[in-house]
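Me: I have a model open and would like to talk through how its strands and chains fit together. Could you walk me through it?

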Amino acid sequence: MNVLAWAGSAIASGIRDVGRSAISVLEELGALTILSGRIFRSFIPPTLDGRETWRAFYKVGVKSYAIVVMTAMFTGAIMVIQAGQFVAKASATSFVGWAAGFAVLAEIGPVLIGLMFSGRVGANNTAELGTMVVTEQVDALRALAIEPMHYLVAPRVLAMVVMLFLLTALGDLFALLGGAITSELLLDVPMRVFIQQVVDANLVDEYLLGLVKGSVFGLSIAIVSCHFGLTVSGGAVGVGRAVNNAVVVAAIGIFVTDLAVGLTWNFL
Amino acid sequence: MISFQNIVKAFGPHKVLDDVSLTVPKGQILFIIGTSGAGKSVLVKHLVGLIRPDAGRIYLDDVEVTSLSEMALYPVRKRCAMVFQHSTLFDSMTLLENVALPLRKHKGLSTKQAGVDAMRRLEQVGMAEESGQFPADIGDGLRKRVAIARALTLDPEYVIFDEPTTGLDPMAAESVDSLIRELSDRFQVTSIVVSHDLRSIFKVADRIAMLYQGKVLLDGSPADFRATTDPVVRQFIEGRPEGPMVFPRKS
């Protein structure tokens, strides 16, 4: 009887925990949806602050391209190494450019660049906005009759969408370069041949798909990082917690939107 | 004129303001005093809509502030500036850019014009030489001076000072006191000053209101405060740790 009571209590407790978690997730989704609406509304009419927008583009783009290029080159190299094992066994090295190019442009490149971007730019954005909230700088903006959504959030969102698009475009090219170098060094496939294979494979659709994904990932990272930054409470500990949550949720967002964009692209 | 009418505000189970009513006539300097956690900052933040009351109304002249949306509050905030307790300068901007920001956004000045005007205002608070520095590079007292310069850029009719002399050396505190007095005497600016600084309070205030346990314990002139026999008020203005006063954390 005692065992049954204990089991019943444990099950009830488990159900309660699942319910609480579900409510918490739904609350976050609701808050993200409301913030998205406010962000889109802040672009109508477009009243972005020129200085703040320039600063956002500089921080998001110029300061990120080196790390994106490095990530992309290693991504291309890894894809060639992975693809190389199979094409070498099948004596089909003429497919290595196609295989690596397809995987890099459509999938691995945008996802890994997005994750790197989230870790660098998204986390930084959450920390900066969160610190502004706990030090009352956001309230100070409101007290100066300056709308934080227009002044702080909209430029960052625009910068993240545009710059992740451009960084993906750039990163894809460097990923192919990394793949070409690796194929020459490890597979004895000359770089010129590798590049010709990529060109012959006509991967324009895959490249465009990757760019669309980059933009969508940028939007997703921007909304998530702004949401967690603007809702910080609890001082420095709260900022740390918000950054942690932002990185985790943004990573989940990248995989979810990757699936959604992939399915939609195939459907269209 | 500013009028707080029956303001009630609670955070969770803790009622910070309990039926607080105060009126500040045009050009007057009202000091709000009380222990830490008495709700002084909470009360003044209601005036510019940074906090919404659970009950009660606030009027700024004929405008009922409490019923306004966030966007509708912006004209009110241009008329009623606020200097925050911790200065709250923007970390990513130089001191000059901090002061120039409201000029760029609300007076339609170009970046260059706003910079010239901002420099003039920094000169007025003795901070022109540091104009290119960032807030993190200077001390609390200097930050507070810049925060005051920034708050006054839109030539407000009302100014809220939240502990403006806390952390300042006596000379800097004296200059802030003179500035508050001058704003009232020369420009008829109405000021609400949250302060613990007894020296400033009795030197600058036209009127003092003491908040205690969520209510206005005493509202009167500096002379009324000096003459009062209320044991709690006396304990506060004499700065005695022993006495009948119940501190918020113990309540």
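Here are some questions and answers on a predicted model.

Me: Happy to start with the sheet: in what order do the four strands of chain B's open sheet run?

Reply: Let's build it up from the pairs. β1(B), residues 2-11, joins β2(B), residues 14-24, in the antiparallel sense over eight bridges. β1(B) also pairs with β4(B), residues 55-60, antiparallel over five bridges. With the remaining strand added, the open sheet has the order β2-β1-β4-β5.

Me: Which strands of that sheet in chain B stand at the edges?

Reply: An edge strand here has a single partner strand, so one side is left without a neighbour in the sheet. In chain B that describes β2 and β5 (63-64).

Me: Which residue of β4(B) stands opposite B:Phe4?

Reply: Good one to check on screen, as β1(B) has partners in two strands. Towards β2(B), B:Ile2 has B:Val24 as its bridge partner, and B:Ser3 stands opposite B:Thr23. In β4(B), the residue opposite B:Phe4 is B:Ile58.

Me: At what angle to β1(B) does helix α1 of chain B run?

Reply: Helix α1(B) covers residues 40-47 and lies across β1, β2 and β4 of chain B. Its angle to β1(B) is about 125°.

Me: Now the contact between chains: which element supplies the largest share of chain B's side?

Reply: Chain B brings 14 residues to the contact and chain A brings 10 residues. On the side of chain B, α2 (70-79) and α3 (95-106) each supply at least two residues. The largest share, four residues, comes from α3(B).

Notes:
Residues numbered from 1 in each chain as written. Chains lettered and ligands numbered in written order. Predicted model: local features only at pLDDT ≥ 70, side-chain atom pairs only at ≥ 80, totals over all residues. Contact = placed C-beta atoms within 7 Å. Pairing = 2+ DSSP bridges. Axes fitted to C-alpha atoms, helices over the stretch in contact; angles between N-to-C directions.
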